[in-house]
Amino acid sequence: MLSLFRKIAAVGRVAESAPPAPEPAPPELAARTRALRGSAQVRCVDAGSCNGCEIEIGQAFGPVYDAERYGARIVASPRHADVLLVTGPVTRNMAEPLRRTYEAAAEPKVVVAVGDCAIDCGEFAGAYGVEGAAGDVVPVDLVVPGCPPEPAAIVEALRKVTGR
Amino acid sequence: MSANPVAVALAVAGGFGLVASTGALVLPARIRVLATGGSAAASGTAGAAAGALALSGRTYAAHLPNLLPLGGVYLRVDALAGVFLAVTGAVFAVAAVYGIGYFRGHGSNRAVQAVWPLFALSLLLVPVAASVSTLLYAWELMALTSLLLVCAGGGEQARSAGLWYAVMTHLGLVALLAGLVWLAAAAHTETFAGIAAASGSISPAVKGAVFVLVLAGFGSKAGMVPLHAWLPRAHPEAPSPVSAVMSAAMVNLGVYGLVRVGFGLLHGGSRWWWLTALLLGALSAVYGIIQAAVETDLKRLLAYSTVENLGLILLAVGAAGILSDSGQPVLAALALAAGLLHVATHAAFKTLLFLGAGSVLHATGTRDLDELGGLRTRMPVTTGLFALGALGAAALPGGAGFPSEWLLLQSLIHARVISGAAALVMLPVAVGAIALSAGLAVATFVKALGTGFLAKPRSARAEHAHEASGPMLAGLGIAAVACLALALVPGTSAPALARAVNAAGLYVGGLPEYADRLTAIGSTLSPLLVVAVVVLLVLAIKALLKITARAPRRAAPLWDCGAPPLTARMEYTATSFAEPLQRVFDDVIAPESDLDVTQHDESEYLVARVAYSRAVPDRIEHRLYLPVVHTVRRAGRMATHVANGSVHRYLGYGFCAVIVLLVVLAAAR
Amino acid sequence: MNELDITARTMTVSVVQVLVVLLGSPLLVGLMRFVRARMEGRVGAGVLQPWRDTVKLLRKHRLDPEGTGPAFRTAPVLGVAVGAVAAGAIPLMATGTAFGTGADMIAVIGLLALASAALALAGLDTATAFGGMGASREMTIAALAEPTILMAVFALSARVGSTNLPAIVAAGAAGASRLASPASLLAAVALAVVVLAECGRLPVDNPATHLELTMVHEAMVLEYSGPDLALVELGAAMRLTVLLGLWSSLFVPFGIATGTGLGVLLLGLLVFAAKTAVLGCVLAAGEVFMAKLRLFRVPELLAGSFLLGVLAVAASFFLD
């Protein structure tokens, strides 16, 4: 325990300083999500991804990028969530669960398609197991392009929702 | 000459009871249930009135010399008897009202309806008895009538339960007979008044032996571990109104007997008596609630909860004895008052719970919590009232069991003034037992209420449940009112309790009288205030939410992780709810499980069928009773060698006996 | 002694305590998250973040999961109401609260158990496997924690001769020698373990987990959303604040207002806030070093604390 304490003292702060504020969200999204200013609970839904985006999301909430300082927090249930981070092309098996997850969240809610696969099926376009892009199953409000997108881009999308 | 009102009330109770009984035998089916139920309710109310009159200070004594052989009938009603009369009468009246609805559809059994009022009358007779023979007659009448009622259910379970009950209650009777007759012989009189007067001259060894026998007899009736095995078998098999009377009124008479004999007749006696009672009470409380926590049969769960609560009452009586022996009359009175209050509160919530379980059984045909569920939408009133009873059984604020447990803890808090290392060591153990039983009781009744009544139905039988009929709901409602009254204004019972404690033999002045709060030495409990503030705050917060959170609402399906719809198979059952507790108390419970795997003919790796069964046996039965039964059987088999049917041998025995007798007589000359 | 002690002063004390706990408990949670974040090298969201979360949740639309009933809807409100009553009754900043002689320790603990039981029933009412699992685990832990609380209460009350909270706290504040007695120390350790168990903190339960099979408290509330969820989280925060305040009033009562002067009361309020904040920080720092115990090791921990409770009672009987 003492060695851990020494390490904490030695390492100190790991988080990089906050980058400049991103451009604000489009006006109709901003109007709909005025209640989410300053606080957004996030639920990640893996609709069929290769897990690359999950790792980047994990890093976004890690010590270096620290998305929590902008008011975002990962929660365990879509009922508790305001933001759904959808990753991966939507496979046939995950289409219905994704829809139900979207239905289970209370308004106002924001769907963010993370990664090229969620935006337009990316690498897996036309594959036999793929139902479509995230936008074909649930209405998508924000996109974070990249394969995988950088954690900084994911944090930027979350900052558009919380406005911090 | 004005008649004694207590006597009048008792006579009325007896009269209506006999009317109900004969009515059940002779009336035609159309009006039978209503008529017998009505007169039974009247009988119960009269009994409760007699008890209330006795609690307000009136007494009654009578001697009816020619009514029974061997000394006649001695009756005496005082405040202590009044507690038990009031409780029994009230429980019987409520159960009778409930029975009007219950027996109507239930293939109304003439025999049950005829015997039931007699059972209740015997329960009213026991506290009133003032001589050994009267008490024993009433005790045996109570045992026989309840035995008939237990067996009335029919079927294998009922027969086995009846056998256990018959054997154990009669073994208890033998112990009582031995103890009380010995006491009467030592005192040279059989009336209680005479014995109480003469007990100063009886040797302590005789008194100790009498107490042990009496503890065994009365304790067995009160479900004291290890003599409790009949209780979880017999109480569930009887019809539900009868179960309610058995659990809420009959078992109390074990406590009555102990208090009457221990304090009234034997005047306190030695400390080790009460220490034993305290320890056995603590053991019963903990064992009872552990078994209840893992039980899935609703009525068996309630029966084990009875074992637990009677254990707490026995603990209170034991503590009263120890404190009285240490020269602390005020604390002893407080402990005994706590025990008597718990008798009343337990009767209230146990009646409510058993009648609720009866409604469930009536509506669904099953008692198994693993098959119930979803009754809240189908039986809303019953669910709400059962929840009130569960609150009482869990001893949470707002529940009927809370004030009496609080009072018991208060009497023990001051108990560090007693002398003697043994008692000082036992008291923390006793407090630990109360605490453990309180915690487990909350878990048990959350299980009973949550899995039995909330969520979705787990079987077709639960799906087709219907709300109980009017009289059944009326019975439940009256019991609920009693629960609420005892929970919110327990202080109204303080003067009555003080009189009862005085009548028991622990003389102390009155307890302070405030209606809405209980005061013990140095502490106050105001359940009304606490509950009122919580309820007001709940309403205030709801109103505030309505104002501030005005967003629209919509219905939503349950969150099922996105998979196809939730079925009832995915819900937690009572067994799974209790599984962590069962693991924690694995050494005590020792469940037996059996796994049977049938493989396919073609390959050992393909499984065709898996059968799994798990049962929680009563460990005390296995470890204690079965060896005793085996020993008795073996002794019996060995005895057949002695009495093997040969006439020559028997003549030889007779000849030897005569020779021995002649030798003894010659030597004794 | 038989009347409730309702005067202007005690009413003020109670109301102030309720308001401070109501408004300050999310701040305490924010402070604990801040300490954790800093120790993990992150920046953290700031101490006011739980309040931002609560306000946002109050503005969300309401969902009524089908099949749920009064048990589901009432449990969150009951949690907050019980927290408020406890805050009003327990002597946190001053020894005289409006409940006066009615502020009974067993009653307060019973109320907290009632709130837990209500939430467990709400979990069972959802008819989902998670709700049942959370209820089952929560009730097992509560069933094993409540005995320890009663034993600790008993040990403290036996020396004072009363279970009245103001009396116990006043006796502790009057003589520091009482606080250093074996009974008091044992009860302090036992009650500390129980506070962890009752509030669902590490090592008994991880409040920040999102792995359902490791959840205890979270699993019961997976179905709540919007304003109900706000009340559930507020209730949990109030429970934590009240229990930490109770622990500090019983075992470190220095600074609590025993008189009725305005200055003394203000000092008592500041000291209460400081003590609770310090305890919260210590708890949060400790959580960085701890992992959650396996569920079936938790009863061993609680049994150990129960044993300490029994020893505390025995010590209070024999050694005083």
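**Exercise 1. Thr351(B) and its surroundings**

Task: In this predicted model, find which residues Thr351(B) is in contact with once its neighbours within four places in sequence are left aside, and decide whether Thr351(B) is buried or exposed.

Solution: Begin by placing the residue, which belongs to helix H14 of chain B, a helix that covers residues 329–364. Next, with the neighbours within four places in sequence set aside, list the contacts of Thr351(B), which are Val91(B), Val94(B), Ala244(B), Ala248(B) and His346(B). Finally, turn to the accessibility: the relative accessible area of Thr351(B) is 3%, and because buried means under 20%, Thr351(B) is classed as buried.

**Exercise 2. Two packed helices of chain C**

Task: Describe how helix H8 and helix H10 of chain C pack, stating at what angle and how far apart their axes lie, and which residues of the two helices meet.

Solution: Two packed helices are described by the angle between their axes and by the distance between those axes. For H8 (residues 182–198) and H10 (residues 226–251) of chain C, the angle is about 175° and the axes are 10 Å apart. Since angles over 145 degrees count as roughly antiparallel, H8(C) is roughly antiparallel to H10(C). On the side of H8(C), the residues that take part are Ser184(C), Ala187(C), Ala188(C), Leu191(C), Ala192(C), Val195(C) and Glu198(C). They meet Arg239(C), Leu243(C), Leu244(C), Trp247(C), Leu250(C) and Phe251(C) of H10(C).

**Exercise 3. A nonpolar patch on chain B**

Task: Identify which residues make the nonpolar surface patch of about 490 Å², and work out which element gives the largest share of the patch.

Solution: The patch is made by Leu595(B), Val597(B), Val607(B), Val610(B) and Tyr612(B). Assigning these residues to secondary structure, one finds that strand S6 (592–599) and strand S7 (607–615) of chain B are the elements giving two or more residues to the patch. The largest share, three residues, is supplied by S7(B). Val610(B) is found in strand S7 of chain B, and because its relative accessible area is 52%, Val610(B) is exposed.

**Exercise 4. Cis peptide bonds**

Task: State which residues are joined by a cis peptide bond in chain A and which are so joined in chain C, and locate each proline.

Solution: In chain A, the cis bond joins Cys147(A) and Pro148(A), with omega at about -5°; Pro148(A) is in the loop between strand S7 (142–144) and helix H7 (151–162) of that chain. In chain C, the cis bond joins Leu202(C) and Pro203(C), with omega at about 0°, and Pro203(C) is in the loop between H8 and helix H9 (217–220) of chain C.

**Exercise 5. Positive phi outside glycine**

Task: For Ala590(B) and Ala127(C), give the phi value, the location and the accessibility class.

Solution: Take Ala590(B) to begin with: its phi is near 50°, a positive value in a residue other than glycine, and it lies in the loop between helix H24 (586–589) and S6 of chain B. At 25% relative accessibility, Ala590(B) counts as partly exposed. Then take Ala127(C), whose phi is positive at about 60° although this residue is not a glycine. Ala127(C) is in the loop between helix H4 (105–125) and helix H5 (129–160) of chain C, and its relative accessible area of 5% makes it buried.

Methods: Residues are numbered from 1 along each chain as its sequence is written. Chains are lettered from A and ligands numbered from 1 in the order in which they are written. This is a predicted model: local features need pLDDT of at least 70, side-chain atom pairs count only at pLDDT 80 or more; totals for chains, interfaces and linings use all residues. Side-chain values use heavy atoms; hydrogens and water are left out. Patches are made of residues with over 30% relative accessible area and no salt bridge: like charges are joined within 9 Å, nonpolar side chains (Val, Leu, Ile, Met, Phe, Trp, Tyr) within 5 Å. Accessible areas come from the Shrake-Rupley method with a 1.4 Å probe; for residues, only the protein chains shown count as cover. A salt bridge is a side-chain nitrogen of Lys or Arg within 4 Å of a carboxyl oxygen of Asp or Glu. Helices (H or I, at least four residues) and strands (E, at least two) are DSSP runs, numbered from the N terminus. Buried means under 20% relative accessible area, exposed over 50%, partly exposed in between (1.4 Å probe, protein chains only). Axes are lines fitted to C-alpha atoms, for helices over the stretch in contact, and angles run from 0 to 180 degrees between N-to-C directions. Angles under 35 degrees count as roughly parallel, over 145 as roughly antiparallel, 65 to 115 as roughly perpendicular and the rest as oblique. Contact means heavy atoms within 4.5 Å.
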